[in-house]
Amino acid sequence: MNEFERSSGDSMEGGDVLWDDALPVEDVRQLFVTLAKAFRAYQLYDDNNPVRRRFLEGLRTELQRLWTEMDRIVVTVDEDHFYLDGREVYRSESRADSLAFLFFKDGVREITFLPGVEGDELERFLGVLQRARKLVPEGDDLLTVLWEEDLRFFEYQYVDLMAEGVTLPEPGAGNSSAELQAVLEAEDEADEADEAESGEADEAPPPQTVKQDDFNPTLYALDPREMETLRSEVRKELARDTRSDVLSALFDRLEEHHDRSRQTEILRILSTLLPNFLSRGAIVPATRVLEELRTLERRDGVLDERGLTEVGAMLDAVSARDTLDELIKALYDGTIKATPTQLAGFLTYLRGAALPALLHASETVEHKELRSVLRAAVQGIARKNRAAVLTLLEEDDPVVAAGTARLVGDMQITEAGPALAGLLAHDAASVRLAAVEAAISLKASTVAGALEHTLDDPDRDVRVAAAKALGTLKYRPAARALGGIAKGKDIRGADIGEKVAVFEAYGAVAGDEGVRLLDGLLNGKSLFGKREPTEVRAAAALGLGRIGTADAKESLRKALDDDDAVVRSNANRAFRRED
Amino acid sequence: MAHESGLNLQEEGRRLLASLYGTLNALRLYPVENETVQQAISDLHRLVERIVEAEGGAEVRVVGDFFFLNETRLRLDLSNFSTFGSFARALHDHGIGAVEILPGIERSEWAPFISMLLRGPGGDLPFETFRDRFATTPVEHIELRPLSEVDEPKDDAESLTAAKRTYAQSVKVAKDALGDMRLGKAVNVRKVKRAVQGIVDQVLSNESSMVTMTTLRDFDEYTFTHSVNVCIFSVIIGQRIGLDRLQLYELGLGALFHDVGKQRIDLDIINKPTGLTEEEWRELMEHPTEGLLILFQMQGFADVPYRQMLMAYEHHMKTDLSGYPSTKRPREPTLFSRIVSVADAFDAGTSVRSYQYEPWPPDAVLQEMRDNPKRGFDTLLVKVLITATGVYPVGTLVILDTHELAVVSQVNPDLELLHRPKVRVISDPVGLPLSEPVTLDLSDDDPATGAPVRQIIKTTDPQKYGIRVSDYLLA
């Protein structure tokens, strides 16, 4: 038989329903309509929202009005209704929105509002309902939420399942005279024995004759300094990160190799904790798990083969693309609020498999600081996984392929030359461009040959980069191709940037042999006495500047006083080798 | 607790005591005209007016070590212990048990009343002396009652029944939960939470009855009663160091589960009536680690119960990190773990257990925990426990200087008199049981000689002689 337990400790009274016509049933009915609306507003709107405030005020007003007629509002609860003295005052249309069911499902069978609830406690009460709505079956229930909130003007009765089958302790009849006498006699004898014996066993109780010490309050009373110590201990305790203590315990025990089944259990726990930490934004303990696991993985004899496999799988799982996509998402939406140092610490423990996702993120995130942390992490992982980097050059994802190409250049992975050359024919311009830029960094001749074919790339940026690359590499075989472009019609339609790139590259690779062509473009006239367009002449001047020989300077000297200010200015710059 | 007035009497009461104490101190230091004194009186008067208006009157009562404002017991913690203690002593010195403030009180009535509290108490009849002097002052709206007239606000029997119910239900819940765990079944954590909530509520409102319940030795198997007792003592210590209700709940939950790891230890070891072999000890010493791991499996917590896990894991660690389990990484047992450690040792030390030595009398256990550094307890927390249990905890079997046998039934709330509790005398000097046990307050002195009416000369362990102290305490 269940008992009903009132929050105040009284038991619920049964009995016939007595209808009291003096009760303001209609007003109470209206109260619950308003309560339902206020609760909806509470759920939908922020604290200071005027709609929410209006509904709360309405609810307050109704409660205040009722206190002129009732000294408390007691309603019984069933699955879908509230009843005031047996009369329905609330009916829910659906279980999902039902206030009655919210109470009923956790065992509450009667609720009481007391005068005062309309004050500060009203929002706390709505907060309880809000928390109750969000409770998951495996977590707390409404009764715990109500207990925690400790409302003073709201009482409730619930089905007390704990009362089932409980017998209250009752006193016995006491001891017999013989038993009591035995105590006194035995203790008298013990006193005599104590006097005779000086030594005693370590764990035997000492003789308990009262001593003066017992009456010295300083031995048991706390002085103000001790009180303050305890206060500071409380503060320390409440601020403590207990996760770290639990992790220390788990790893202390995980190191004990005498119990393999316990090791398995702990590893299973850790594999659950890791995502749990991350989902709560706790990157520091998550990092600790990775750090400890990696250390254990490297220590001989701690884990057996199975354990090592599990640890490896865990570390791999963290480096998997899905995990990292989630991580990046969490960093973006603020679930994880990590400092760059904390994030970098976590990323340190990722493996080669993490590179594609990290690279992708490091190429695409807009947040500058995050991007820089991700790039640093990528480089850190790449340094330890050069082979993995090479395979990434074959990634389908153009963002990853381009990022890898740049990484190859930054890290001077010279053996990546052939693969980079292959990327120059990639479908995505961004990848071709990255490959060209990497070629510049690598100064790899194996790529330079391929670069020559990129001079007529359909993408302007790639063409410009290729020209610059060839110029930087001073790849002489490209002089012919560049010269052809310089003479051609297409370059005349290109923008000034491209023109400059081509002419400078031509100057750089052709050397003195290029003076003739460039001088003609800078200073020559056509049959009709017409000079080349200003931009071509200016670019040719810069090309001559790249050659820098006496002949090139002689050509430039002629243009130092040119009528065209743009030409004159660039010729001057080139003449003085102002790059 | 709800009040028709809408006032939060807990908070207002604490404020009132702080204000009374502040005025008392101001008047101790300065003449009545001083600005500080006047300000203190004005603040006090405003506060009292608000309470009296809302409640129709205000009575401050001091019962044991608790203050009550009307029917609300004011919570004692580290933030107010000094205020409460000093003001209680001021009243106690004059034999005053209650101060009733009536509607219509005027500001001018405070200075005479408080000033009189500062005077030395009057001889053998302090209350009567105070009352006679007080009658000559113009104070009309403050009435006083002597200590002897002030009783516990709640009926003792009612308190005891509530404590019995909470205790019995909690033991049942612990039994079900631990049993389910041993069988590998899912534990009903909600019931466990409800039990701990009940214990917290009872300790906060009815501490001495709950302490009495811990003296029940054969109510159920040791494992279950011990879990509940450790929970009760932990919450008592927690309350005294200022933890709030929710923090006490967290503490209590961990304390109830502190030995949960034993559910993975062979029952033959747990129930072994004789001493354990070295190998059996080794297995038993794994229970803190097993407790930590078991709590990871337990469903029903809103969050991973890290703090509770640590209480299970660290409760046998000493403050110098000896004890068990051994530690390799840096560690400092949490405050909650140290509380549970103290509560566990006290209850275990006073109980007859399987594989255990002879139990010690409660006072000897406390003394050992306090004085023997090798035991490795947090001595401040042991002291806190002693302030709650007294030097002779409830349930201690004592021999009085009259050679009568008695059982300690109530702690003396005065910190100076912790060694002079209330006792139930159960036998005469030759061991004949009294037909009705007599309650004696050992802090009472014989008016004729000024010497204590009775004194404890020796304590002993009731279990050693089969004395069921609860027979005398629950009656």
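These exercises work through a predicted model with chains A and B.

**Exercise 1. Find out how chain A is built and why it counts as more spread out than a compact globule.**

Step 1. Take the secondary structure. Chain A comes to 28 helices and six strands.

Step 2. Compare the radius of gyration with the globule rule. The radius is 42 Å, and the rule gives 25 Å for 579 residues. The value is well over the rule, so chain A is more spread out than a compact globule.

Step 3. Add the extents. The C-alpha trace spans about 135 × 85 × 50 Å along its principal axes.

Step 4. Check burial and contacts. Of the 579 residues in chain A, 40% are buried. Among contacts with a separation of 6 or more, 67% join residues 24 or more positions apart.

**Exercise 2. Describe the side of chain A that touches chain B.**

Step 1. Count the residues. Chain A gives 76 residues to the contact, and chain B gives 87.

Step 2. Name the elements. Those of chain A that give two or more residues are helix 5 (142-149), helix 6 (177-196), helix 7 (224-239), helix 8 (242-254) and helix 9 (260-279).

Step 3. Sort by character. The chain A side divides into 35 nonpolar, 18 polar and 23 charged residues.

**Exercise 3. Trace the open sheet of chain B and its strand order.**

Step 1. Write the order. Five strands run 9-8-7-6-10, with antiparallel pairing.

Step 2. Locate the edges. Strand 9 (433-441) and strand 10 (456-460) of chain B each pair on one side only. Neighbouring strands are turned by 35° against each other on average, direction ignored.

Step 3. Walk the pairs. Strand 6 (397-400) of chain B meets strand 7 (405-410) through three bridges. There, Leu397(B) has Val407(B) as its bridge partner. Five bridges link strand 7 of chain B to strand 8, and Ala406(B) is partnered by Val425(B). Strands 8 and 9 of chain B also pair over five bridges, where Ser427(B) is partnered by Pro433(B).

Step 4. Look at the hairpin of strands 8 and 9 of chain B. Five residues lie between the strands, and Gly431(B) takes a positive phi near 95°.

Step 5. Judge the cover of strand 8 (422-427) of chain B. Five of its six residues are buried, so the strand is largely enclosed by the rest of the structure.

**Exercise 4. Is helix 16 of chain B mostly covered or mostly open?**

Step 1. Count. Nine of the eleven residues of helix 16 (379-389) are buried, which makes the helix mostly covered.

Step 2. Name examples. The buried residues include Leu381(B), Val384(B), Leu385(B) and Ile386(B). Lys383(B) is also one of them.

Step 3. Find the cover. It includes helix 7 (189-213), helix 8 (222-240), helix 14 (335-349) and helix 15 (362-371) of chain B.

Step 4. Check the end. Gly390(B), just after helix 16, takes a positive phi of about 80°.

**Exercise 5. Place three backbone features: a cis peptide bond and the positive phi values of Gln412(A) and Lys474(A).**

Step 1. The bond from Tyr324(B) to Pro325(B) is cis, with omega near -5°. Pro325(B) sits in the loop between helix 13 (306-314) and helix 14 of chain B.

Step 2. Gln412(A) has phi near 55°. Its loop lies between helix 17 (398-411) and helix 18 (417-423) of chain A. With 12 other C-beta atoms within 10 Å, Gln412(A) is exposed.

Step 3. Lys474(A) has phi near 50°. Its loop lies between helix 21 (460-473) and helix 22 (479-487) of chain A. Lys474(A) has 16 C-beta neighbours inside 10 Å, so it counts as partly exposed.

Notes:
Residues numbered from 1 in each chain as written. Chains lettered and ligands numbered in written order. Predicted model: local features only at pLDDT ≥ 70, side-chain atom pairs only at ≥ 80, totals over all residues. Helix = DSSP H or I, 4+ residues; strand = E, 2+ residues; numbered from the N terminus. Rg over C-alpha atoms; globule rule 2.2 N^0.38 Å. Buried ≥ 20, exposed ≤ 12 C-beta atoms within 10 Å, placed from the backbone. Contact = placed C-beta atoms within 7 Å. Pairing = 2+ DSSP bridges. Axes fitted to C-alpha atoms, helices over the stretch in contact; angles between N-to-C directions. Nonpolar A, V, L, I, M, F, W, Y, C, P; charged D, E, K, R; others polar.
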